[in-house]
2 protein chains.
Amino acid sequence: MKYSSSKENYIKAIFHLQQEENVVSTNGLARALSTKPASVTDMLKKLKTQKLLQYQPYKGVKLSAEGKKLALQIIRKHRLWEYFLVEKLGFGWEEVHEIAEELEHISSKKLIERLDIFLGLPKTDPHGDPIPDGQGRMPLIEQTSLLELPHNIPAKIVSVSNQSTSMLELLRHNKIGIGTKLSIIRRFEFDHSLEISITGQPFITISEQLAANLYVSYDATGKP
Amino acid sequence: MKYSSSKENYIKAIFHLQQEENVVSTNGLARALSTKPASVTDMLKKLKTQKLLQYQPYKGVKLSAEGKKLALQIIRKHRLWEYFLVEKLGFGWEEVHEIAEELEHISSKKLIERLDIFLGLPKTDPHGDPIPDGQGRMPLIEQTSLLELPHNIPAKIVSVSNQSTSMLELLRHNKIGIGTKLSIIRRFEFDHSLEISITGQPFITISEQLAANLYVSYDATGKP
DNA sequence: TATTTTTTTTAGATTTGTCTAAATAAATAT
DNA sequence: ATATTTATTTAGACAAATCTAAAAAAAATA
Ligand SMILES: [Mn+2]
Ligand SMILES: [Mn+2]
Ligand SMILES: [Mn+2]
Ligand SMILES: [Mn+2]
């Protein structure tokens with residue numbers, strides 16, 4: 001079955017919102033898609049007849065098994081294209097989301113399988129997010145919030161949960177990216193900001209808000 | 001300015017049809033786009049208000065300077081993606097047109113410039129067609145006699161030197177014309193006849209005399 | 001030239017995806 | 001429990017791109 005870009009965007013947005021709250025609201029979806037609640041209701045009815053989701057008026061929406069499968073295919077395409085753009089074409093990791101938003105709707109199945117091989121079967125995209133395999137299986141990546149990282153323990157950034165342009169701009173300014181190695185020097189009581197040390201650079205201080213969106217992996221016994 | 005995929009397909013089709021006959025007919029366009037003449041008339045009116053073409057009812061259509069520029073941008077994208085698919089992802093040259101038909105509508109200008117550089121600024125696509133540069137200039141492709149075409153190199157008939165009735169009759173019988181895409185499978189020593197493969201048709205054998213009158217273009221840029 | 005055929009346009013519908021404004025249901029507060 | 005606020009759906013409209021059937025113009029033929 002082939003679906004319009006618009007429908008695919010809905011399915012993907014529902015999938016992501018479902019990670020937070022088990023059932024997705026009309027307003028939440030409208031916000032995520034920058035559209036109006038009335039439009040969402042219209043579309044949900046169409047997607048329901050196509051059996052991509054379960055929907056009862058006023059009761060919210062949940063993806064069906066088929067809907068989840070479709071969502072994972074789109075996410076796979078999105079993340080593989082992002083990887084291509086950064087690793088092969090030299091884009092910055094903050095520029096690629098918008099372009100991948102279009103590329104993810106290219107329909108050829110064979111294209112994406114060959115792209116995957118060409119890229120060397122990457123496990124994560126440039127933002128550290130896992131790339132589902134051809135069967136829609138997501139590799140598990142253990143990660144903890146930077147807020148929970150103990151002091152003076154070397155750690156490595158593995159993902160960034162907020163991928164807004166403004167956030168990515170701030171990260172770039174602070175020279176923080178996926179794979180950046182750092183440790184926490186101290187925490188300030190007043191505003192909970194963190195002084196951190198990035199390998200080979202002077203100490204900087206980042207806000208609690210920023211730290212909350214950074215996820216790291218580390219070795220509890222001392223090595224990242 | 002950004003245009004829908006549908007509009008871009010119209011502009012591209014008009015551009016190609018214009019190569020043959022200076023003014024393009026509603027029916028011809030409908031045939032090329034696998035749509036109905038009534039739909040073409042509707043669209044031509046819209047494209048006219050956008051100043052992409054000159055159109056007077058019953059008088060056919062011609063691209064404006066702006067329309068031509070747009071067409072060349074789309075053709076550039078189409079051919080660069082085809083090159084990518086064949087050279088980087090290992091697709092066969094007969095599989096890529098359909099996929100490029102979608103990829104050509106991805107809007108990022110920066111993407112296509114970086115792709116061009118990544119591919120090594122290729123001059124022709126896998127079918128031997130020239131790739132317009134960023135300013136919409138088409139590189140001149142040297143044309144050679146079919147006799148001089150190396151084996152297994154995709155090429156396109158660009159001219160026919162003998163235009164006698166008998167010659168054209170033979171060409172029609174063999175379904176060969178301007179624009180026909182082919183490659184040489186083998187050359188027979190005995191009479192120097194050529195076995196050739198025409199896209200989408202069974203192999204045929206043609207005489208040396210016929211081949212001597214067919215001129216082709218192909219990508220001569222150093223590839224094996 | 002008159003007639004017939006072909007080409008093109010117009011009229012009126014349809015589908016998809018969106019919107020605003022109004023109605024209704026659900027949740028919250030008094 | 002009633003009133004108010006918030007969330008959601010419905011009603012009706014619109015733009016884009018398409019279609020079929022009918023009308024009109026242009027071209028070809030007799
Ligand atoms: Mn998208
Ligand atoms: Mn990403
Ligand atoms: Mn296309
Ligand atoms: Mn081509």
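How many salt bridges does the rule find across the interface of chain B and chain A? There are two. The model is a predicted one, and this tour begins at that interface before moving to the metal site and then to a helix of chain A.

**Stop 1: the interface**

Please select Lys110(A) and Glu95(B). Their side chains form a salt bridge, with a distance of 2.6 Å from N to O. Beyond the salt bridges, the interface of chain B and chain A holds eight residue pairs in polar contact, both members of each pair having pLDDT 80 or more.

Next, colour the helices of chain B. At least two residues of the side that touches chain A come from each of helix 4 (65-87), helix 5 (96-103) and helix 6 (109-118) of chain B. Helix 6 of chain B supplies the largest share of that side, namely five residues. Sorted by class, the side of chain B that touches chain A comprises eleven nonpolar, four polar and five charged residues.

Now display both partners as surfaces. Chain B brings 20 residues to the contact, and chain A brings 20 residues. The area buried between the two chains is about 1700 Å², and carbon and sulfur atoms give 69% of it. To see where chain B contributes, select Leu89(B), Glu102(B) and Arg114(B): these residues supply 29% of the area that chain B buries against chain A, more than any other three residues.

**Stop 2: the manganese ion**

Turn to ligand 1, a manganese ion, and show the residues around it. Its coordination comes from Asn9(A) through OD1, Glu101(A) through both O and OE, Glu104(A) through OE, and His105(A) through NE2, at 2.1 to 2.5 Å. Along the chain, these donors follow the spacing N-x91-E-x2-E-H. Asn9(A) belongs to helix 1 (residues 5-20) of chain A and Glu101(A) to helix 5 (residues 96-103) of chain A, so this pair ties together parts that are 92 residues apart in sequence.

Are these two residues buried or exposed? Asn9(A) counts as partly exposed, at 23% relative accessibility. Glu101(A) is likewise partly exposed, with a relative accessible area of 24%.

**Stop 3: helix 8 of chain A**

Finally, select Gln209(A), which lies in helix 8 (residues 208-212) of chain A. Gln209(A) has a relative accessible area of 66% and is therefore exposed, the cut-off being over 50%. Add Ser193(A) to the selection and draw a distance between the C-alpha atoms: Gln209(A) and Ser193(A) are 8.3 Å apart in space, while 16 residues separate their positions in sequence.

Notes
Residues numbered from 1 in each chain as written. Chains lettered and ligands numbered in written order. Predicted model: local features only at pLDDT ≥ 70, side-chain atom pairs only at ≥ 80, totals over all residues. Heavy atoms only, no water. Contact = heavy atoms within 4.5 Å. Buried area = accessible area lost by both parts, 1.4 Å probe. Salt bridge = Lys/Arg side-chain N within 4 Å of Asp/Glu carboxyl O. Polar contact = N/O pair within 3.5 Å; in protein donor to acceptor, adjacent residues only side chain to side chain. Helix = DSSP H or I, 4+ residues; strand = E, 2+ residues; numbered from the N terminus. Nonpolar A, V, L, I, M, F, W, Y, C, P; charged D, E, K, R; others polar. Donors = N, O, S within 2.8 Å, 3.2 Å for Na, K, Ca; no water. Buried < 20%, exposed > 50% of the residue type's maximum accessible area, 1.4 Å probe, protein only.
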